[in-house]
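I'm opening my notebook on this protein and writing down what I look up as I go. I'll begin with a single residue and work outwards from there.

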Amino acid sequence: MACAKVPLDEQHVTEVVGPMGRERTLPALHPDRKEERCFISYKPPPEQNSSAQIEEFLEQAQFISEDLDWLLSLPHDKFWCQVVFDESLQRCLDSYLSNAPRSLDMELPVSSPAVADMQRCIHRSVFMVFLRMATHKESKENFITSEVFGEIIYNNFLFDIPKILDLCVLFGKGNSQLLQKMIENIFTQQPSYYGDLNETVPSILQVLDTVLGRCGLHSEGATAIEPLKLNSHGRPSAMTMPQQDLLDLMVYMCDTCTTLHSFLDIFPAACQTFRSHGFLSRLSSFYELIVPDLEKAVKKRNFDRSLQEDLWTRLCHSRKRMVEIAHLLLQHTCLQPILEGAENTLSYVEDLLQNFTNFIQEKRFLADYDEQFPLVDDISLLQQVSAHLDETRTSYLLQAVDSAWDSVGKKRGIRPMPSAGAAGPRAGAGAKAGAAWRDEFASGGREVEGAEAGGLQGGAASAAAEDFPQKGDNGAMCTVSAGELESLLSSIRDLLPDLGEGFILACLEEYGYNSELVINNILEDRLTPALDKLDRAMPRPVREKLPAVLDSRSNVFDDDEFDVFHRDQVDMSRIWKGKKKGQSLHAMLDDKQHISEQKARYLAYETVVDEVLVGPGEPGVAGSSSNFLLDVYDDEYDDTYDNNQVGANDLDDDDDLLNRRPFTTPLVLQMNKKAQTKEEEVEEEEEENKDEGVRRDLFIQDPAVLRERAEARRAAMQQRRGYRPPPPSQVEGRPKGQGQAQETVLDRRRKEANKSRGANHNRRTMADRKRNKGMIPS
């Protein structure tokens, strides 16, 4: 019997051995105490709904489930003997961590609920086994010494860094708090895992370099994977690699990004290790190189529609995870110490600003990061913490963010205010993105958490609600394109074919176009009251047919003889293409038919008749016996208008108008020019008096006197305007050799400095420039 309150590593048990009933004493942890039981390896659920494959999976899964349940039912000492010394158990657990479905890997067959139930059962049992393996103290009586526990799990490889990464990605959703305590206990009891993690980060960086190398890209900080062969004519690229290779590459990158994000989210203490290797700068550079290249390949290569949607979903998911990894590293290495008021806060502020500055050259990464985690919020936090923050540097960062948005051709959307009741593992870290980010990653959000579906707390539903906020979280409606909407409709109707498209559209609009959340709420009957009242077979609303463009068209040529839109028949003989084929130019010029047609008209002007006799009975001049026509010249008509001057007395002339009302300047204008007018009048009177006196005395004035008067007038006018004449220049000076006055030296220096204002002003500058370039010999 085991002794009470004694650690398991110090306990000894007495057992009866052999037919003679001999007793022997063994340590509590001894290989002979292990039960002989063979644990079989795990295989994932079949992708096809073949009855034989489903039956085979259920049979193997039943054996695994029964064995794990038996293992969990063992007492504390027996459990650890089986865990430490049974190699088949470790192979079984490792096979599940390696082959269990991840997110975006596959969907469980809907036609076989037994497969989903069995997968959920194994998922729970495996997690409970690892949870018990990570606990060194189950109760006051059942525990292991901390030092010995650390040596047991480390030396027997019960846990290592790859296993911990797989545990995070498989069981993180829905069990994050429990898994966080479990991993913290492992690293606390055995600090050697920090050294293993430190050696693992370069391998992860090598993974990023491998992905770049397969796409024909190369990062500045990366080391060459292998030397380029001389006989290699071309490097592979995402546009030229085989279809299966591109799919494997996308799956590889997506799984790596998802695993790293889950690990850093659950175990934040590892962020410092990643930061020490410069992981953040390498990640941003990797993002800037690989994302545009893969986007181009997915959009422009000819793929099957379902495969193209799957590739695009994985790419969007990878982009989102990489941005969140960068934020986690900044959050736990810079922002969190600042919020907690740690020592050397200024050093953390400087470190954060330096990281943001390094992002400036990665335009695509900076724009996507700012879209999900706005830099203006972090800079506002720094301004509150540090009163001596450099405003020039912060404004430069914000301008760089705007430039990054413009360079990638994206439009910044209006970011909704965070909800007061928002809470969750990443609520403080700004995990909820703006509406524009959700629009871009709407297609990437259609992931099925296959592994998390069997979690202890419903991992798939929590993941969907956490990664893609609903409409009720911030009140913002995300919009999707027509293609994405049809894809969402088809994915939901494949699972729930009895629902109408109109009802599905209403549900998608209510839950922010999150298909996972819609399916989960429909299956669990948790729809909102407004949706619950709708008919589930409601068809899709018919779009109103828009009027034809030609019916609403308005043109100046409507209803003419060539209006084919309103006429059924048009004279095609009057329509031709190109130059009309008719008679030649010479034939047209030789045709004189038009002259003969006009000849009869002009012949009428050749006959001149002085008198025309009107016969009896023909119309003549009324009331007269004269035989002249009606157009006889009447001399009295002209005499009447010759004697009477019609219009001579009308007051329409300009001089008469001015005489009646002379022109006067308005009073406002007179007030502004009153002083100037007086001076001008005085000058005019003086000039008139002088001119009259001159005319009286002299016929021809002296030119010298005229020049003096003009100079005096010019000086008076310049004095009124405030003009000061330049001082006299003494540039000439004395003859050479007799010395120069100070005024002459200053004038010459002033002339030399100001000579560029005149014509050919830059001759000295251009001469110096030519001489400096060797064009002119010195």
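**Entry 1: a serine in a helix**

I looked up Ser95 and found its place in helix 3, which covers residues 87-99. I should jot down that this is a predicted model. Is Ser95 buried or exposed? Its relative accessibility is 10%, and the cut-off for buried is under 20%, so Ser95 counts as buried. Next I asked what Ser95 touches, not counting residues up to four places away in sequence. The answer is Ser41, Tyr42 and Ala100.

**Entry 2: stepping back**

I wanted the overall picture before going on. The protein has 32 helices and two strands. It has 778 residues, and 35% of them count as buried. I also checked the contacts with a separation of 6 or more: residues 24 or more positions apart account for 69% of those.

**Entry 3: the two sides of helix 5**

Which residues of helix 5 (residues 146-155) are buried? I got Phe149, Gly150, Ile152 and Ile153. They cover an arc of only 165° around the axis, so they sit on the same side of helix 5. A reminder to myself: an α-helix has 3.6 residues a turn, so residues three or four places apart point the same way.

Then I turned to the face of helix 5 that points away from its buried side, and there I found the exposed residues Glu147 and Asn155. What covers the buried residues of helix 5? The cover includes helix 2 (76-85), helix 4 (113-133), helix 7 (176-189) and helix 8 (192-214). One more thing caught my eye: just after helix 5, Phe157 takes a positive phi of about 55°.

**Entry 4: the nonpolar cores**

I looked for the largest nonpolar core, and it has 123 residues. Those with the most contacts inside it are Phe159, Phe263, Phe274, Phe279 and Ile290. Helix 12 (residues 305-339) gives the largest share of this core, 15 residues. Apart from this core lies another one, of 19 residues, with Leu489, Cys507, Leu517 and Ile522 among them.

I picked out Phe263 for a closer look. Leaving out residues up to four places away in sequence, Phe263 touches Ile164, Leu165, Cys168, Leu197, Ala270 and Phe274.

**Entry 5: helix 9 and two partners**

Phe263 led me to helix 9, so I checked how helix 8 and helix 9 pack. Helix 9 covers residues 243-266, and its axis lies 11 Å from that of helix 8, at an angle of about 150°. Over 145 degrees counts as roughly antiparallel, and helix 8 and helix 9 are therefore roughly antiparallel to each other. Their crossing is left-handed. On the helix 8 side, the contact is made by Leu197, Ile204, Val207, Val211 and Arg214. Helix 9 brings Leu249, Tyr252, Met253, Thr256, Leu260 and Phe263.

The other partner I checked is helix 6 (residues 161-171), which packs with helix 9 at an angle of about 90°, with their axes 8 Å apart. That makes helix 6 roughly perpendicular to helix 9. Which residues meet here? Helix 6 offers Ile164, Leu165, Cys168 and Val169, and they meet Thr258, Thr259, Ser262, Phe263 and Ile266 in helix 9.

**Entry 6: helix 11 against helix 12**

I also looked up the neighbours helix 11 (residues 279-300) and helix 12, which pack at an angle of about 165°. Their axes are 11 Å apart. Helix 11 and helix 12 are therefore roughly antiparallel to each other, and the crossing is left-handed. The contact list runs long, and I noted just part of it: helix 11 uses residues including Phe279, Leu283, Phe286 and Tyr287, while helix 12 uses residues including Leu311, Trp312, Leu315 and Met322.

**Entry 7: two odd phi values**

Most residues other than glycine have a negative phi. With that in mind, I wrote down two more residues. Tyr513 has a positive phi of about 55° although it is not a glycine. Where does Tyr513 lie? It is in the loop between helix 21 (501-510) and helix 22 (515-523). Tyr513 has a relative accessible area of 18%, so it is buried.

Asp525 is not a glycine either, and its phi is positive too, near 55°. Asp525 lies in the loop between helix 22 and helix 23 (529-532). Is Asp525 buried or exposed? At 54% relative accessibility, Asp525 counts as exposed, since the cut-off for exposed is over 50%.

Terms used. Residues are numbered from 1 along each chain as its sequence is written. This is a predicted model: local features need pLDDT of at least 70, side-chain atom pairs count only at pLDDT 80 or more; totals for chains, interfaces and linings use all residues. Side-chain values use heavy atoms; hydrogens and water are left out. A nonpolar core is a set of buried Ala, Val, Leu, Ile, Met, Phe, Trp, Tyr and Cys residues joined through side-chain atoms within 4.5 Å. Buried means under 20% relative accessible area, exposed over 50%, partly exposed in between (1.4 Å probe, protein chains only). Helices (H or I, at least four residues) and strands (E, at least two) are DSSP runs, numbered from the N terminus. Contact means heavy atoms within 4.5 Å. The arc is that of the directions from the helix axis to the C-beta atoms. Axes are lines fitted to C-alpha atoms, for helices over the stretch in contact, and angles run from 0 to 180 degrees between N-to-C directions. Angles under 35 degrees count as roughly parallel, over 145 as roughly antiparallel, 65 to 115 as roughly perpendicular and the rest as oblique. A crossing is left-handed if the near helix is turned anticlockwise from the far one by less than a right angle, and right-handed if clockwise.
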